[in-house]
Amino acid sequence: MKGSIRLFKIFGISINIHVTFFLLLILVVPGGIKWLALVIGVFFFVTVHELCHSLVAKYFGITVHEITLLPIGGISSMTKMPEKPIQEFLISIAGPLSNIVIMLVLFFPLKLAIGDSVLLNFVHTWQLSTATWPLTVAYLYWINLFLAGFNLLPAFPMDGGRVLRSLLATKLGYQKATKIAVNFGHVFALIFAYFGIIRFNIILVIIAVFIYTAASSEEMHVDVKETLKKFRVRDILPRDFITVTGSTTLAKILELIFHSHQEDFPIVEGKGLVGFATRQDIMEGMHRFGTTKTVRDVMRHSFPKVKDTDSLVKVQTIMHENGMRALPVMKGAEVIGVVTIEDIGRVYAMASQRT
Ligand SMILES: [Zn+2]
């Protein structure tokens with residue numbers, strides 16, 4: 001995530017801290033060393049929570065690049081979320097479960113260390129305090145209950161929203177389950193907004209907006225996926241396409257771009273595909289070297305390829321993961337076309353149009 005600093009790497013996942021986190025530090029520092037300890041403790045528990053999501057995801061073969069710690073909690077960047085309900089359920093429940101396990105494990109040691117009355121003070125008074133160190137430790141302990149509880153709210157983008165979707169999906173299918181979970185998200189957002197407004201609590205209002213938009217974008221995301229699943233590359237592949245050889249000049253390529261609808265070119269030598277140049281590669285190349293250089297100087301040598309039988313969802317995922325807007329399409333060893341993000345967008349726009 002932009003604006004974050006890497007702290008360390010564990011299990012191949014980098015743990016980053018977002019710069020806005022330092023705002024939080026500035027806010028709590030006047031509160032004294034106990035508040036600082038509290039913040040550090042919270043972020044330790046949030047990191048454990050996110051790591052548990054990530055480790056279960058890794059177990060199911062999903063790549064997790066990084067965990068970013070924000071003042072409002074943590075975000076694990078996963079390449080995708082599994083659609084198998086049981087996998088999504090286990091990944092989502094792992095985080096809140098870790099906080100509950102922490103509470104169970106720490107209960108007796110803390111009871112011995114700081115005493116019954118201090119540890120359970122919260123249960124009796126519903127108040128948390130940093131008046132003394134033992135009370136601060138108890139505060140930190142109970143924060144795990146909030147982390148588990150808040151994240152288990154059945155609303156996207158909370159873990160509970162995913163838990164709900166996965167449970168519904170076993171009976172109703174993925175898309176319908178998502179719709180219901182999204183509606184839950186919207187209802188929760190409205191409830192938060194209501195209390196935020198009548199109590200002048202700006203944080204609640206921010207959370208409400210966050211939940212509302214995240215729920216809507218999850219619905220959109222699933223709609224796109226479900227629509228694109230119905231199409232294969234060969235269903236939408238433009239009929240005519242141009243290949244070039246490595247010695248084609250960038251000036252010539254520019255001319256081809258102007259005279260055709262194609263902006264990304266497979267480079268073929270003999271019978272084999274030897275390179276690929278996207279619109280961006282070509283434009284950057286012209287900027288750096290001028291138009292007299294050849295496409296060989298700017299082309300990519302390693303790049304993902306897709307098959308004509310691949311589904312558009314798969315193609316979109318590959319594009320996303322590799323940061324490419326176009327990919328060469330293969331049938332066996334032969335390149336038979338180029339598929340672009342615009343092609344996919346057009347198909348989605350047509351297929352999802354409701355009359
Ligand atoms: Zn979580």
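1. The domain assignment of this protein divides the chain into domain 1 (1-152), domain 2 (158-229) and domain 3 (233-351). The model you are looking at is a predicted one, and the points below should be read with that in mind. Taken over C-alpha atoms, the centres of domain 1 and domain 3 are separated by 44 Å.

2. A useful place to begin is the sheet that contains S1, in which 4 strands form an open arrangement in the order S1-S2-S3-S4, with mixed pairing. S1 and strand S4 (73-78) stand at the edges with a single partner strand each, so one side of each is left without a neighbour in the sheet. If direction is ignored, neighbouring strands of this sheet are turned by 25 degrees against each other on average. Helix H2 packs on the sheet, where this helix touches S2, S3 and S4, and its direction makes about 160 degrees with that of S3.

3. The word "mixed" can be followed strand by strand. Strand S1 (residues 4-10) pairs with strand S2 (residues 13-18) in the antiparallel sense, over 6 bridges, and within this pair isoleucine 5 stands opposite isoleucine 17 in S2. The hairpin of S1 and S2 has 2 residues between the strands, and there phenylalanine 11 takes a positive phi near 50 degrees. By contrast, S2 and strand S3 (residues 64-70) pair in the parallel sense, over 4 bridges, with asparagine 16 standing opposite threonine 68 in S3.

4. Two packed helices are described by the angle between their axes and the distance between the axes. For helix H2 (residues 33-59) and H3, the angle is about 145 degrees and the axes lie 8 Å apart, while the crossing of H2 with H3 is right-handed. The residues that make this contact include Phe45, Val48 and His49 of H2, together with Leu90, Ile91 and Ala94 of H3. Sorted by class, the residues of the contact between H2 and H3 are 9 nonpolar, 5 polar and 1 charged.

5. H3 also packs against another helix: helix H3 (residues 85-114) and helix H6 (residues 133-151) meet at an angle of about 160 degrees, with their axes 9 Å apart. Angles over 145 degrees count as roughly antiparallel, and H3 and H6 are therefore roughly antiparallel to each other. The crossing of H3 and H6 is left-handed. Among the residues making the contact are Gly95, Pro96 and Asn99 of H3, and Pro134, Val137 and Ala138 of H6. By class, the contact of H3 with H6 has 14 nonpolar and 4 polar residues, and no charged ones. A careful reader may notice that Gly95 of H3 is listed in the contact with H6 and also in the contact with H2.

6. Further along the chain there is an open sheet of 3 strands, which has the order S7-S8-S9 and mixed pairing. Its edge strands are strand S7 (306-307) and strand S9 (334-340), each of which pairs on one side only. Strand S8 (residues 326-331) pairs with S9 in the antiparallel sense over 6 bridges, and proline 328 stands opposite valine 338 in S9. Helix H13 (residues 312-322) lies across S7, S8 and S9, and runs at about 135 degrees to S8.

Note on methods
Residues numbered from 1 in each chain as written. Predicted model: local features only at pLDDT ≥ 70, side-chain atom pairs only at ≥ 80, totals over all residues. Axes fitted to C-alpha atoms, helices over the stretch in contact; angles between N-to-C directions. Parallel < 35°, antiparallel > 145°, perpendicular 65-115°, else oblique. Left-handed = near helix turned anticlockwise from the far one by under 90°. Contact = placed C-beta atoms within 7 Å. Nonpolar A, V, L, I, M, F, W, Y, C, P; charged D, E, K, R; others polar. Pairing = 2+ DSSP bridges. Domains from an automatic or database assignment.
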